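Visitor: I'd like a close look at one part of this model: the strands and what ties them to the rest of the chain. Could you walk me through it?

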Amino acid sequence: MEVLHLVWSCIIFVLVLATDQSYPKIKEFSFPAHIPVGEKTSAMCFAISSESPVTFSWMKDGKEISSPDISIKNDKEFSVIIINPVSLSSSGNFTCVAKNSHGAVSFSTSLLVVDAPKWVVEPSNVTATVGENIVLKCSASGSPNPKVEWKKLEKNISLMQNVRFKPVNGSLSFSAVSIDDEGEYECSANNGVDIITKRISITVKGEILETSINENIR
């Protein structure tokens, strides 16, 4: 009985091993990191199988791919996906499926597309009167989303933590502008891919007029 049990165990082990080896095996692959918009990128899905033929298919975010910017070239042992040109909508999770007569296996990898900052609202020069509330508008887009910051160039100091100024979605709000607020300012947008800057000036009027009125009263 023990000999018979051992024989059956060996047969089962061989069958399981044979079945395992019959399925395709996909070598891990990935896209290059941080692909800029407008460039070309590709990835190769390579399958090892003792059983031919192997057929390949691709999915993006779990759905069938139907983009004119994506082409797929299949061979007996591998499949290449090509994206040209890359756009922000190209970002996502790509899955390669390799299938033969015994079954199918899949492997997924992600594509991250980056884009340099671009102005959505570019800041411009402002003229204001003493005591007036003003807003310096500045916003940018990009991938990842850029961080927008303001600083006054005269003293090269950041205004983001100053209680008098309220940064809202990249714009900078001044409450009761004074003659001391006059000068040059810089808005910057940085997302790690690139940085863009724009310098503008604030001109404040009213102080000279008030002084002249006070002198005439005397």
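**Strands, rings and sulfur links**

Guide: Let's start with a small open sheet: three strands in the order β2-β10-β13, with mixed pairing. Strands β2 (35-36) and β13 (139-143) sit at the edges with a single partner strand each, so one side of each has no neighbour in the sheet. Keep in mind that this is a predicted model. Between β2 and β10 (residues 113-121) the run is parallel, and two bridges join them. If you want a residue to click on, take Ile35, whose bridge partner in β10 is Val113.

Next comes an open sheet of four strands, ordered β5-β4-β8-β9, and here the pairing is antiparallel. Its edge strands are β5 (63-64) and β9 (103-111), each of which pairs on one side only. Strand β8 (residues 92-100) runs antiparallel to β9, and nine bridges hold that pairing. Asn93, for instance, has Ser110 in β9 as its bridge partner.

Stay with β8 for a moment, as the sulfur links lead back to it. The structure has two disulfides, and one of them joins Cys45 to Cys96, with an S to S distance of 2.0 Å. The torsion about that S-S bond is -80°, and the link of Cys45 and Cys96 is left-handed. Cys45 belongs to strand β3 (residues 41-48) and Cys96 to strand β8, so the pair ties together parts that are 51 residues apart in sequence. Cys45 has 0% relative accessibility and counts as buried; Cys96, also at 0%, counts as buried too.

The other link is between Cys138 and Cys187, whose sulfur atoms are 2.0 Å apart. About its S-S bond the torsion is about -80°, so the disulfide of Cys138 and Cys187 is left-handed. Cys138 is in the loop between β12 (134-136) and β13, while Cys187 is in strand β18 (residues 183-190), so this pair ties together parts that are 49 residues apart in sequence. Both Cys138 and Cys187 are buried. Counting bonded cysteines along the chain, the pattern reads 1-2, 3-4.

Now the aromatic side chains, with four ring pairs in the count. In one of them, the ring centres of Phe29 and Trp58 are 5.7 Å apart with the planes at 70°; edge-to-face needs over 60 degrees, so this pair qualifies. Phe29 is in the loop between β1 (25-26) and β2, and Trp58 is in strand β4 (residues 55-60), so the pair ties together parts that are 29 residues apart in sequence. Phe29 and Trp58 are both buried. The rings of Phe31 and Phe94 have centres 5.3 Å apart and planes at 65°, so they too form an edge-to-face pair. Phe31 lies in the loop between β1 and β2 and Phe94 in strand β8, so that pair ties together parts 63 residues apart in sequence. Phe31 is buried, and so is Phe94. Ring pairs also link Phe29, Trp58 and Phe107 into a cluster.

For a strand with two distinct faces, try β11 (residues 126-129): Val126 and Ala128 are on its covered face, Thr127 and Thr129 on the uncovered one. Strand β11 runs parallel to β19 (residues 195-205), joined by four bridges, and Val126 stands opposite Ile202 in β19.

Zooming out, the chain has two helices and 19 strands. Of its 218 residues, 32% count as buried. Among contacts between residues at least 6 apart in sequence, 60% join residues at least 24 apart.

How values were computed
Residues numbered from 1 in each chain as written. Predicted model: local features only at pLDDT ≥ 70, side-chain atom pairs only at ≥ 80, totals over all residues. Heavy atoms only, no water. Pairing = 2+ DSSP bridges. Buried < 20%, exposed > 50% of the residue type's maximum accessible area, 1.4 Å probe, protein only. Phe/Tyr/Trp six-rings, centres within 6.5 Å; stacked < 30°, edge-to-face > 60°. Contact = heavy atoms within 4.5 Å. Disulfide = S-S within 2.5 Å.
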